[in-house]
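Please open the model in the viewer and display it as a cartoon. The tour begins with the whole chain and then moves to individual side chains.

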Amino acid sequence: MNKNEFKVIFGSGSENESFARMVISAFAARLDPTLEELADMKTAVSEAVTNSIIHGYGGREGDIEMTGRIDGNEVSVEIVDFGVGIEDIPKAMEPMFTTRPDIDRSGMGFAFMEAFMDGLEVESSPGKGTRIRMKKKLGVI
């Protein structure tokens, strides 16, 4: 059976963005991804976690849950926060849209997630948080 899963919970401090990148990198390593595939996953995870830190919690403390699963040659990762949530998901996913122009946010987080992963789903409820699911098939040319 070629299946594996993990779940980690970490705080919403900005230092944990790099932790999340390392977690997905170490987790996916068993599939021997290319450097490009690894960079894509790390970037997408980084963007999702950064969104949780900056937009979900806005400097407040909170938990971020990161789960991952390997099934065959596909890596799935889910990032969940329990922050402010997103009122208008389609608007939030538009390139260049940001709720934090005051801190020079580019508004490209979701665009990067979509570009670097093979699947992206976003669920959110205002006042309850956001769940981002992403998938990446490795070894696909």
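With the whole protein in view, four helices and five strands can be traced; helices (H or I, at least four residues) and strands (E, at least two) are DSSP runs, numbered from the N terminus. Their order from the N terminus is β-α-α-β-β-α-α-β-β. This is a predicted model, in which local features need pLDDT of at least 70 and side-chain atom pairs count only at pLDDT 80 or more, while totals for chains, interfaces and linings use all residues. Residues are numbered from 1 along each chain as its sequence is written, and side-chain values use heavy atoms, with hydrogens and water left out.

Next, colour by accessibility: of the 141 residues in the protein, 46% are buried. Buried means under 20% relative accessible area, exposed over 50%, and partly exposed in between (1.4 Å probe, protein chains only).

Now select helix 2, residues 35-56, and find Thr43 within it. Thr43 counts as partly exposed because its relative accessibility is 22%. Beyond its neighbours within four places in sequence, Thr43 is in contact (heavy atoms within 4.5 Å) with Arg21 and Phe116. Add Phe112 to the selection: its C-alpha atom is 7.7 Å from that of Thr43, although 69 residues separate the two along the chain.

Remain in helix 2 and select Asn51. Is Asn51 buried or exposed? Asn51 counts as buried, because its relative accessibility is 15%. Display Gly56, Phe110 and Met113 as well: Asn51 touches these residues, when those up to four places away in sequence are not counted.
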